[in-house]
Amino acid sequence: MIRIGIAGLGFMGMVHFLNYQRTRGAKVTAIATPESERRAGDWRAIKGNFGPPGEKMDLSGIETYESVDEMIGSAKLDAVDITLPPNLHADAAIKATKAGKHVFCEKPIAMTIADGRKMVRAAEKSGRQLLVGHVLPFFPEYAWALKVIRSGKYGEVIGGAFRRVISDPEWLPNYWQADKVGGPMLDLHIHDAHFIRLVFGRPIALSTIGRTHNDLPEFWHTQFRFESGCTVEATSGTIDQQGRPFDHGFEIHLEDATLLFEFAVIGDEGHYLCPPTILDRSGKAKRPKLDGGDPMDAFAAELKEVVRSFAAEEPSEVLGCQLALDAVEMCHAQSRSLATNKQVRL
Ligand SMILES: NC(=O)c1ccc[n+]([C@@H]2O[C@H](COP(=O)([O-])OP(=O)(O)OC[C@H]3O[C@@H](n4cnc5c(N)ncnc54)[C@H](O)[C@@H]3O)[C@@H](O)[C@H]2O)c1
């Protein structure tokens, strides 16, 4: 049984806690968070954009700490699950791996590439795993695309377009602070940057145009170029209107097929604007039936992979820290390209 300590009990801390209850081979045995009422089990103030609302919880048998350092130093843990704000990931991850714990850290791995590299070095030195919570490949549509691509049935990937646009999340503190959350580039688009890196490899260059808010990219279009000669585009960012809080999708080109999908929440309702569809040489549009429409299921699948990886001492590929680091590097390069109006080579 892997004993897990959760660092930072906000929205994601709660999502992870609830999903560990569905995960075999792991148990949350400690929680560190500054809010005294959450340590006492009153989670009613926790709010997010999916999953169940925060409730009163029975935390008997779980050690609670006010500080993450105290939890790392005192609790008997095999792993620390970091769901702190992004600017606090590096310090907590380095301390946890130095103390001999595996780490599962929410995305982005860190605010800067330098901090991310320090985390990777600390994990390597201690011989512990550092995994990063890039959950998108566990969402059914993206898992389906990955499976189809990797089957090799339709040849190589030759290009694609990705889209992720949300309404300005006015309720999230520090969202537009470059040193704390980093706006939609590091908070939102990083999901697609990671998926693009996973499917197409490391880009060799990119160009981004778009508009800014508080000197951070607000809404943009990026073209990524790859060694193979293929190009991928991504549109992402925020809009001010609250009537369409979420929109994501892709069009992925393979030599012998095209994969399509787009989902949006418009008003209060989620709809497929284009259900997962495969266009192949038959000339038909085929629609696979996919399981699991609840985002909580994607997190359950992600945590299952975390626990498998820790238990097998065989690091997960999809959640590995090098991909996560490359995703941060891509996002920073995109911001630089937008700011300078120039192509950036990676
Ligand atoms: N994968 C996803 O889809 C997804 C979705 C939302 C958030 N996230 C990520 O999860 C992480 C947390 O985001 P969130 O929305 O849960 O934030 P949040 O603000 O709801 O929660 C952060 C928690 O950390 C606590 N905290 C702050 N400083 C602390 C400290 N010094 N010591 C201990 N605890 C401290 C806060 O009090 C709070 O309880 C971020 O990295 C974010 O990018 C990922």
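Visitor: Which helix gives the most to the shell around the ligand?
Guide: Helix 1 (residues 11–20) does, with three residues. Helices here are DSSP runs of H or I with at least four residues, strands are E runs with at least two, and both are numbered from the N terminus. The model is predicted: local features need pLDDT of at least 70 and side-chain atom pairs pLDDT 80 or more, while totals for chains, interfaces and linings use all residues. Residues are numbered from 1 along each chain as its sequence is written.

Visitor: How many residues surround the ligand, and which are the closest?
Guide: There are 22 around the ligand (C-beta, placed from the backbone, within 6 Å). Gly8, Gly10, Phe11, Met12 and Glu106 are the closest.

Visitor: How do the shell residues divide?
Guide: Eleven are nonpolar, seven polar and four charged.

Visitor: Back to helix 1: which residues does it meet in helix 8?
Guide: Val15, His16, Asn19 and Tyr20 of helix 1 meet Met296, Phe299, Ala300 and Leu303 of helix 8 (C-beta atoms within 7 Å). Six residues of this contact are nonpolar, two are polar and none is charged.

Visitor: And at roughly what angle do the axes of helix 1 and helix 8 cross?
Guide: The axes cross at roughly 70° and come within 9 Å, helix 8 being residues 295–312. Helix 1 is therefore roughly perpendicular (65 to 115 degrees) to helix 8.

Visitor: New topic: how many bridges join strand 8 to strand 9?
Guide: Nine bridges join strand 8 (residues 205–213) to strand 9 (residues 216–225), and the two run antiparallel. Thr212, for instance, has Pro217 as its bridge partner in strand 9.

Visitor: What about the hairpin of strand 8 and strand 9?
Guide: Two residues lie between the strands, and Asn214 takes a positive phi near 55°.

Visitor: And which residue is the partner of Ala205 in strand 15?
Guide: Arg345 is the bridge partner of Ala205. Strand 15 (residues 344–345) runs antiparallel to strand 8, and two bridges join them.

Methods. Nonpolar A, V, L, I, M, F, W, Y, C, P; charged D, E, K, R; others polar. Axes fitted to C-alpha atoms, helices over the stretch in contact; angles between N-to-C directions. Parallel < 35°, antiparallel > 145°, perpendicular 65-115°, else oblique. Contact = placed C-beta atoms within 7 Å. Pairing = 2+ DSSP bridges.
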